[in-house]
Amino acid sequence: MPTAQALPARTTYLGMLEIRRALPIRERRMIGPWCFLDRYGPLSFSDAKPMDVAPHPHIGLQTVTWLLEGEVLHRDSLGSESLIRPGELNVMTSGRGISHSEETPRGNSGRLSGVQLWVALPDADRNQPASFEHHDDLPRMESPAGNFIVFSGAAAGLRSSASAYSQMTGAEITIHAGQRMLFPLDITFEYGVMLVSGEAQLGEERLEIDTLYYLAPGDDALTISTRAGGKLLLLGGVPFDEPIFMWWNFVARTAAEIAEAQREWNAREDSERFGKVSGYNGSRINAPPFPLRVPPPPAS
Ligand code: MN
C-alpha cells in the first residue's frame with residue numbers, strides 16, 4: 001500500500017466552537033467532490049451552546065452533517081426541522097439556493113463531536129431546487145474486526161440511500177482493539193482518511209488524530225490495524241473535473257455568480273432564492289463584502 005500524504009488541519013473558530021479545518025487547505029482543495037471538512041469536538045459542556053450557527057445561505061453544494069457524539073438541531077428555509085444524533089445523517093442539497101441554521105438543542109447530552117462536510121454539485125445538478133433529507137437507516141456491516149457505516153455514496157458493496165450526484169464515498173469505520181482490517185477501495189477514487197478517535201495505523205503509518213491522509217487513485221484496499229481500537233472517517237470520489245469557485249458559503253463557477261448570490265442574500269431577508277429560516281432565536285449572518293470587482297448586471 002503506497003504512503004498516504006498527511007494534511008494537517010488548520011485550527012479556527014466558528015463562533016465559540018473550535019474547529020479543525022481539513023478541507024480546503026492550501027495543499028489540497030478537494031477529495032473527489034468533497035470540498036469542505038470541519039472537525040469539531042469532542043467536548044463536554046453544561047450550560048453553554050457550543051454549536052450556534054445563525055441562518056446563512058448556500059449555493060451549489062450539499063451539506064453533510066455527521067456526528068460522533070451529541071446532537072445538532074437543523075432548521076432551513078424549506079421549513080425542515082431535524083434533530084440529528086450519531087449514526088444518523090443530515091444532507092441538505094442547496095441547489096440554486098437555501099438558508100439554514102444549526103445549533104445545539106435544549107435538552108442535550110452535554111457532549112459534542114462531529115464533522116461538517118460539503119460536497120460540490122456537478123454543473124448539471126447545481127441549479128436544482130433545494131431539498132433536505134434525514135437518514136437514520138444507513139447501510140452498516142459488522143465483522144469480528146469491526147464495523148462500518150456508509151453515509152454517502154457507496155463503499156465495500158454498500159450504498160447509502162442519501163442523494164448523491166457524483167461517484168463518491170463517505171463512511172465511518174470502527175476497528176476493534178487488536179484487529180486488522182482490509183477495506184476495499186475503488187481504484188478510480190482518490191481518498192481521504194481521518195482518525196477521529198482511538199488509535200490506528202494505515203499500512204505501516206501510525207495515524208495522527210484529526211489529520212487527513214490523502215491517497216491518490218490506484219489503490220484497491222486500505223489496510224487498517226490497531227492495538228487499542230479506533231474510529232476513522234473515509235471520504236473519497238472520482239477526482240472532480242470541474243474547476244469550482246468557492247467563497248464564503250457559496251460554491252459556483254464564476255466570480256459573477258458569487259457576487260450575485262452575495263447581493264441577493266444581503267439585499268433582503270426573505271428572497272425567493274434563499275427564503276427565510278423560521279424558529280431560530282437571533283439574527284441571520286450577512287455575507288461579507290465580496291472582494292472582486294465584477295461588471296454590474298444588465299439593467300433589464
Ligand atoms: Mn451551513
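**Exercise 1. Trace the four-stranded sheet in this predicted model.** In which order do the four strands of the open sheet stand, and how do they pair?

*Solution.*
Step 1. Read off the order: β17-β22-β19-β20, an open sheet of four strands. The pairing is antiparallel.

Step 2. Find the edges. β17 (180–184) and β20 (205–206) are the edge strands, since each pairs on one side only.

Step 3. Work in from β17. Five bridges hold β17 to strand β22 (residues 221–225), in the antiparallel sense. In that pairing, L182 stands opposite T223 of β22.

Step 4. Go to the other edge. Strand β19 (residues 201–202) and β20 run antiparallel and are joined by two bridges. L202 has E205 of β20 as its bridge partner.

**Exercise 2. Sort the residues of β17 by face.** Which residues of β17 lie on the covered face, and which on the uncovered one?

*Solution.*
Step 1. Take the covered face: M181 and F183.

Step 2. Take the uncovered face: R180, L182 and P184.

Step 3. Combine this with the pairing. L182, on the uncovered face, is the residue opposite T223.

**Exercise 3. Describe the manganese site.** Which atoms coordinate the manganese ion, and at what distances?

*Solution.*
Step 1. List the donors. They are NE2 of H56, NE2 of H58 and NE2 of H100, at 2.1 to 2.2 Å.

Step 2. Write the spacing along the chain: H-x1-H-x41-H.

Step 3. Place two of the donors. H58 sits in strand β5 (residues 52–58) and H100 in strand β10 (residues 98–103). They are 42 residues apart, so this pair links distant parts of the chain.

Step 4. Check burial; the cut-off is under 20% relative accessible area. H58 has 1% relative accessibility, so H58 counts as buried. H100 is also at 1% and is buried.

**Exercise 4. Locate the nonpolar cores.** Which residues have the most contacts inside the largest nonpolar core?

*Solution.*
Step 1. Start with the largest core, which has 26 residues. W34, L37, W66 and F151 have the most contacts inside it.

Step 2. Follow L37 outward, leaving aside neighbours within four places in sequence. L37 is in contact with R20, R21, A22, L23, V115, Q116, L117, M194, L212 and L235.

Step 3. Look for a second core. Another core of 25 residues lies apart from the largest one. A4, M181, F189 and A200 are among its members.

**Exercise 5. Examine V150.** Is V150 buried or exposed?

*Solution.*
Step 1. Place V150: strand β14 (residues 146–155).

Step 2. Apply the burial test. V150 has 0% relative accessibility, so V150 counts as buried.

Step 3. List the contacts, not counting residues up to four places away in sequence. V150 touches L138, P139, A155, L158, S160, G170 and A171.

Step 4. Compare sequence and space. V150 and E172 are 22 residues apart in sequence, but 6.6 Å apart from C-alpha to C-alpha.

**Exercise 6. Judge the whole chain.** How many helices and strands does the protein chain have, and what is its radius of gyration?

*Solution.*
Step 1. Count the elements: one helix and 25 strands.

Step 2. Test compactness. The radius of gyration is 19 Å, close to the 19 Å that the globule rule gives for 300 residues. The chain is therefore as compact as a globular protein of that length.

Step 3. Add the dimensions. Along the principal axes, the C-alpha atoms fill a box of roughly 65 × 45 × 30 Å.

Step 4. Check burial and surface. Of the 300 residues, 56% count as buried. The chain exposes about 13,400 Å², with 49% supplied by carbon and sulfur atoms.

Step 5. Check contact range. Among contacts with a separation of 6 or more, 71% join residues 24 or more positions apart.

Key: Residues are numbered from 1 along each chain as its sequence is written. This is a predicted model: local features need pLDDT of at least 70, side-chain atom pairs count only at pLDDT 80 or more; totals for chains, interfaces and linings use all residues. Side-chain values use heavy atoms; hydrogens and water are left out. Two strands pair if DSSP finds at least two bridges between them. Donors are N, O and S atoms within 2.8 Å of the metal (3.2 Å for Na, K and Ca); water is not among the atoms, so sites may look incomplete. Buried means under 20% relative accessible area, exposed over 50%, partly exposed in between (1.4 Å probe, protein chains only). The radius of gyration is taken over C-alpha atoms; the globule rule is 2.2 Å times the number of residues to the power 0.38. Contact means heavy atoms within 4.5 Å. Accessible areas come from the Shrake-Rupley method with a 1.4 Å probe; for residues, only the protein chains shown count as cover. A nonpolar core is a set of buried Ala, Val, Leu, Ile, Met, Phe, Trp, Tyr and Cys residues joined through side-chain atoms within 4.5 Å.
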